Amino acid sequence: MRNVAIVGGGITKFGVREASWRDLVQEAGKSAFEDIPELDRKDVDSLFVGASQPERWIYQTHVAPLVAELLGIDVKRVISRTEVACASGQSAIRYAWLSIATGLSDIAMVVGVEKMNTKFMNISQTCMVNVGNREFDGVNGFTAPPFFAMVAQRHMHRYGTTKEQMALVRVKNAKYGSMNPYAQFQKEVTVEKVMGSRMISPPLTLLDCSAITDGAVAIVLACEDIAKKLTDTPTWIACGVQVVEHAHTVNQMGELSEWLALRKAGKELYRMAKISPKDVDIAEVHDCFTISEIIEYEELGFCGKGEGGRFIEEGQSYIGGEVAVNPGGGLLSNGHPLGATGVRQAWEVMMQFRGDVPKGRYVDNAEIAIAHNLSGMAQLHHIMLYTRDKLRDVKFSR
Amino acid sequence: MRVIKLPDSIELPTLLDPWDLQEPNGADATGIYDFYRNLADGDLTTTKCRDCGKINFPPVIVCSNCLSDNLEWVKIPETGELYAFTEMRLGAPLILDQLAPFIVAIARFGDYPDNGVQISGIMFDTKYEDLRIGDKVRWEVVRVEGPGDRERYWYCFTKA
């Protein structure tokens, strides 16, 4: 396997954008190429596009060649679009990494994009309800908020987790989001404001939920010798895993407050890289809802099972705590354009390693970062391990 | 200038509503049509593997455990236990938004997971505030009428 690094990238402002899917791709792509002045665009030999539902939101399929056209990329090796709902973006990164690591590609662009806002919000919700098993769960109203509301209810029931603890996750991520000019929401909030916001699906209020968002991110990956020519600050990809435990339908999910697939994925990743949770400096985790981040602390091994509420209460997931979780504001502040989110997490890690973020949300001396992207009703968990230098030669053990 | 005139409204394609087309024959046919026929007859059922004993839900034409296609239809016990619930207050999808707000629930019937199922359902005739985890619930068959003279069947939950 060859070493692979992220050499640069660009992002659009996330939010309710007066911009089309195509506009977003061009904005992000242009910004990525401008970020890597040494890169000759014609040397990009592969393209991976993470996009969840362009068929439903913009009635367009076969989008990878459309992106190649919009960005003037002449693909000679591999081109594909990846879809695993909310983690479509990280999957695109994973395949780009593997394509370069195996020697098939040398330089690959990864674009994550979603256009989710239309005039008809019930159409957007229809897209979301089809992420679960449409015929058997979607039909019963299983969009994300009711599902994660029941996850929260079970976690509260079993472990005594409180709504205040959940609100504290939003308070932390809003603090870092207030220093992120690309985030959909850039205002700090209080526990009272979170708990007093409009009830969506009890116990989840509006501010317990990430948003329906438009946005795109593009990054460029390259093999080691090329990466070193293109940048002085490469972000190395050490390894990555995906684990599915629950399959797809509610009947397969067992206890909702236990995310066994994530527990397995975390253990597998740490084993492959020969590190422990304590070695992680930055964790970009999939806080689609406040309760998600609490469960992720637990299943990723940052604290014991059931102790996630206490972990945020003690401030352990702030910069300066046990591990800096979502120093870019997470999905809660950035919003969640499905295909773009996993690529944004990688972009955020790159910006942290380069020191290109404001002081208030900069994680000093960070060497090891993980990015966790989940998809659907938390059935499938995806983790990538990024490193500034330390683990770049890790040849993960099988 | 040449004009292309569009109709004022276009009939909603049926696939944009969440219920399966439930057709026994033709291009829209489903191999688990008996699930819907049993619902029409008043029974919520699923497939059980005659070879390995696994109960699959949703029903299937091949057992996901042993790949056998030697399956039988079994009735899901009429009463079960409320496992989790919430209320869809904001953000319902197309068509279901006409029912909002409504209770969304998960209930366990039989001895889950070895000899039972954990299934989702909309719960009628109760308030969110009146529900507790562990409450006894029962499933009930509902008829979905329309568009036009189409009749389809589904199930919901009520408090037992």
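**Close-up views of a predicted two-chain model**

**View 1. Helix H7(A) and helix H11(A) lie roughly perpendicular to each other.** Welcome to this predicted model, which we will tour in a handful of close-ups. How do we know the relation between these two helices? The axes of helix H7 (residues 163-177) and helix H11 (residues 290-299) of chain A cross at roughly 95 degrees, and angles of 65 to 115 degrees count as roughly perpendicular. Where they cross, the two axes come within 8 Å. On the H7(A) side of the meeting are A:Gln165, A:Met166, A:Ala167, A:Val169 and A:Arg170. Their partners in H11(A) are A:Thr290, A:Ile291, A:Glu293 and A:Ile294. Sorted by character, the residues of this contact are 5 nonpolar, 2 polar and 2 charged. When you look at such a contact, keep in mind that an α-helix makes one turn every 3.6 residues, so residues three or four places apart point the same way.

**View 2. Helix H7(A) on its own is a mostly covered helix.** How many of its 15 residues are buried? The count is 13. The length of H7(A) can be checked too: with 1.5 Å a residue, its 15 residues should span 21 Å, and because the end C-alpha atoms are 21 Å apart, the expectation and the model agree.

**View 3. Chain A is assigned two domains, each made of two stretches of sequence.** Domain 1 takes in 4-119 + 212-230, while domain 2 takes in 141-210 + 237-387. Taken over C-alpha atoms, the domain centres are 23 Å apart. Between them, 34 residues of domain 1 are in contact with 28 residues of domain 2. On the domain 1 side, at least two residues each come from strand S1 (4-11), helix H4 (88-101), strand S4 (107-114) and strand S7 (215-223) of chain A. Which of these elements gives the largest share? That is H4(A), with 8 residues. This side of domain 1 of chain A holds 19 nonpolar, 11 polar and 4 charged residues.

**View 4. Chain A and chain B meet through 34 residues of chain A and 32 residues of chain B.** Helix H5 (121-129), helix H6 (144-159) and strand S5 (199-201) of chain A each bring at least two residues to the chain A side. The largest share comes from H6(A), with 7 residues. Counted by type, the side of chain A that touches chain B has 15 nonpolar, 14 polar and 5 charged residues.

**View 5. Chain B contains 1 helix and 8 strands.** Following the sequence, you meet the elements in the order α-β-β-β-β-β-β-β-β. The C-alpha atoms of chain B fill a box of roughly 70 × 45 × 25 Å along the principal axes. Of its 160 residues, 31% count as buried. Among contacts in chain B with a separation of 6 or more, 49% join residues 24 or more positions apart.

**View 6. Chain B is also assigned two domains, domain 1 (20-75) and domain 2 (77-160).** Their centres, taken over C-alpha atoms, are 20 Å apart. Here 9 residues of domain 1 of chain B are in contact with 9 residues of domain 2 of chain B. Helix H1 (residues 33-40) of chain B gives the most to the domain 1 side, with 3 residues. What kinds of residue make up that side of domain 1 of chain B? There are 6 nonpolar, 3 polar and no charged residues.

**View 7. Two loops of chain B carry cis peptide bonds that lead into a proline.** One such bond joins B:Ala100 and B:Pro101, with omega about -5 degrees. B:Pro101 sits in the loop between strand S4 (79-88) and strand S5 (102-111) of chain B. Another joins B:Gly146 and B:Pro147, and its omega is about -5 degrees. B:Pro147 belongs to the loop between strand S7 (136-145) and strand S8 (151-159) of chain B.

**View 8. A:Ala378 and B:Asp125 each have a positive phi without being a glycine.** For A:Ala378 phi is about 60 degrees, and this residue lies in the loop between strand S11 (368-375) and strand S12 (380-387) of chain A. B:Asp125 has a phi of about 60 degrees and sits in the loop between strand S6 (115-123) and S7 of chain B. Are these residues buried or exposed? A:Ala378 counts as buried because it has 26 C-beta neighbours inside 10 Å. B:Asp125 has 10 other C-beta atoms within 10 Å, so B:Asp125 is exposed.

How values were computed:
Residues numbered from 1 in each chain as written. Chains lettered and ligands numbered in written order. Predicted model: local features only at pLDDT ≥ 70, side-chain atom pairs only at ≥ 80, totals over all residues. Domains from an automatic or database assignment. Contact = placed C-beta atoms within 7 Å. Helix = DSSP H or I, 4+ residues; strand = E, 2+ residues; numbered from the N terminus. Nonpolar A, V, L, I, M, F, W, Y, C, P; charged D, E, K, R; others polar. Axes fitted to C-alpha atoms, helices over the stretch in contact; angles between N-to-C directions. Parallel < 35°, antiparallel > 145°, perpendicular 65-115°, else oblique. Expected span 1.5 Å × (residues − 1). Buried ≥ 20, exposed ≤ 12 C-beta atoms within 10 Å, placed from the backbone.
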